[in-house]
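Got a protein model open and not sure where to start looking? Let's go through it together, one question at a time.

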Amino acid sequence: MAPIAGPGWLGPFLVAAGQFALAAAGFLAALLLARELGPATYGVWGIVYAILAGVEQIGRLGIPQATSRLVAEADGRDPILERRATTLVAILYLALGVAMWLAAPWLAELFAIPDGTRLLRIASLDLVPFGLFAVTIAILNGRRDFAVEGLGNLVYAGTRIAGLLVVAPFGLTIEAALVVTILSSLAACIATLLRLGPGVLRPRFDGFRPILAVSAPVAVAWTVSSMLSNLDLWALNAFGGAVAPEVKGWYTAALNLARLPNLLAFVGTSILVPTIARALGLGDRTGALIALRHGATLLLALLVPTVAIGAIEARALLEFLFTSLYGDGAPLLAVLLAAHGAFYTIFVTLGSILLAARRERVSALLAVVAATLALLFLPVGTVLGGALGTALGALGAGIASCALSAWSVHRKIGPLIDPGAAARILLATGVAAAFASAVPGKDAWLLAELAGAGILYLGVLFATGVLGPVLGGSVAAGLAGTRHREPPAPMDGRSPSV
């Protein structure tokens, strides 16, 4: 089935909107539940939902990512593959649901959850619809049906927030919040099935091996990368006995803020993975390189000014968002924006691109190498430099990991970005950073200053011709997955002209 017709920007825009909506829904749900339930009950909700979310993430086992790539390689024309993936996920999540139901009394006792058996059994009912939603989104992604993929995420996020708002006036409880979560998964699953059709649910019990062969290393990379984002906080608490508690609080606040750009990795890979996988599946290395360069240029154009201006206004940002008690954590935020905001985001994106290029084992190996480097750098940095040493250790590990990943992607596809485009991005960032330094802002004025710097930055990018080609006609070919095919480039490591 062909993707929805429309402007080349519509699908990528809806993918981005869906990812941002999911993040916003999680934040708003946490805020609403914390206010309505009160601290004690909210703590119970927190552990119940943490168990549910943990089981749901474990249940993925890399299968949705593998499905996305394989569907893309088949150009969205293999309904049997899609049925196999759906059947496999349904079996897996049904087994997890039964296991969670049976284990509910033990989990309730282990975590000392009041009325935990009943609450965990209600939560277990979300596993199958969530699993089906995850795999149907992956199929849509593999088909490059980005518009419906984005709409599916919007339905999930919107249903969750709307449900909580409807229930709140009548008294929000943990049970009600869990039911809303289940209904959100069901609504989103129905939305995606309206596009895919009910035939994708017809069971198919053979041919699981190709999916599992791809998903196994993906699961390793996914799990290790998820751990990697928390290793510095663990190191700070494990080896930072001499670090004052308030400094650890500054680090936690700075880390939460620095992680916000990680969302770009989910948006970027949702578009790049199926596009690159399809192009390479057709032997079209030129098309894969175009998609890679467009994606890398956009990612760099977003991350470089975020790190630079965020470092300049680190104190103002922390004081604006977390009160003046956190202002002295500005040096930590400046380093963590580079370590987590930029290099971790790039590392996750490059790992997904390697999956698209059939290098999932390399991606898994690089994730293990990155974790090993972090385990070497972080304790030493913490012992020698306290909290700032921890942040610098994360930065060092991030730089080394990204260098290895970029080299691997370069070998398989080609150079990530044109040096001229990178130089113009740095020039535009310098102009915006100079503006931010010259016009200091605080509180509400900070927002006006950041908006002014952003407008100035975009103006310089368009004036120097960086974003015009990417956001113009070629973005449809590079990112939205049009169906042109060019002669494949030679596979000797030389990149074609683009």
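Q: Which residues is Pro379 in contact with, leaving aside its neighbours within four places in sequence?
A: Keep in mind that this is a predicted model. Pro379 is found in helix α16. Once the neighbours within four places in sequence are set aside, the residues in contact with Pro379 are Phe239 and Ala374.

Q: Is Pro379 buried or exposed?
A: Check its relative accessibility, which comes to 18%. Buried means under 20%. So Pro379 counts as buried.

Q: What distance separates the C-alpha atoms of Pro379 and Thr390?
A: Along the chain, these two are 11 residues apart. In space, their C-alpha atoms are separated by 7.3 Å.

Q: How many helices and how many strands does the protein chain have?
A: We've met α16, the helix that holds Pro379, so let's zoom out to the whole chain. Its radius of gyration is 23 Å, which agrees with the value near 23 Å for a compact globule of 498 residues. The C-alpha trace spans about 60 × 60 × 45 Å along its principal axes. As for secondary structure, the tally is 20 helices and zero strands.

Q: What percentage of the contacts in the protein chain with a separation of 6 or more come from residues 24 or more positions apart?
A: Start with burial: buried residues make up 53% of the 498 residues. Then look at contacts with a separation of 6 or more and pick out those between residues 24 or more positions apart. Their share is 82%.

Q: Which residues touch the most other members of the largest nonpolar core?
A: This core has 65 residues. Helices that each supply at least two of them include α9 (209-228), α12 (263-281), α15 (330-356) and α16 (360-412). A separate core of 44 residues lies apart from it, with Trp45 and Leu172 among them. Back in the largest core, the residues touching the most other members are Tyr251, Ile276, Leu333 and Ile413.

Q: Which residues is Tyr251 in contact with, leaving aside its neighbours within four places in sequence?
A: Tyr251 is one of the residues that touch the most other members of the largest core. Skip the neighbours within four places, and its contacts are Asp232, Leu233, Leu236, Leu332, Leu336, Ala387, Thr390 and Ala391.

Q: What covers the buried residues of α14?
A: First, find the buried residues of α14: Ala314, Ala316, Leu317, Leu318 and Glu319. Just after this helix comes Thr323, with a positive phi near 80°. The cover over the buried residues includes α11, α13, α15 and α18 (444-463).

Q: What is the phi of Asp115 near?
A: Asp115 lies in the loop between α4 (79-110) and α5 (116-124). With a relative accessible area of 44%, Asp115 is partly exposed. Most residues other than glycine have a negative phi. Asp115 has a positive one, near 55°.

Q: What is the relative accessible area of Arg358?
A: Look in the loop between α15 and α16. Arg358 is a residue other than glycine with a positive phi, near 65°. Arg358 is partly exposed, and its relative accessible area is 46%.

Q: How far apart are the mean positions of the positive and negative charges?
A: The chain exposes about 21200 Å², and carbon and sulfur atoms supply 72% of that. As for charges, there are 31 positive and 25 negative ones. Their mean positions are apart by 10 Å.

Notes. Residues numbered from 1 in each chain as written. Predicted model: local features only at pLDDT ≥ 70, side-chain atom pairs only at ≥ 80, totals over all residues. Heavy atoms only, no water. Helix = DSSP H or I, 4+ residues; strand = E, 2+ residues; numbered from the N terminus. Rg over C-alpha atoms; globule rule 2.2 N^0.38 Å. Buried < 20%, exposed > 50% of the residue type's maximum accessible area, 1.4 Å probe, protein only. Contact = heavy atoms within 4.5 Å. Areas by Shrake-Rupley, 256 points an atom, 1.4 Å probe, with all protein chains shown as cover. Lys, Arg positive; Asp, Glu negative; His and termini not counted. Charge placed at Lys NZ, Arg CZ, Asp CG, Glu CD. Core = buried A, V, L, I, M, F, W, Y, C linked by side-chain atoms within 4.5 Å.
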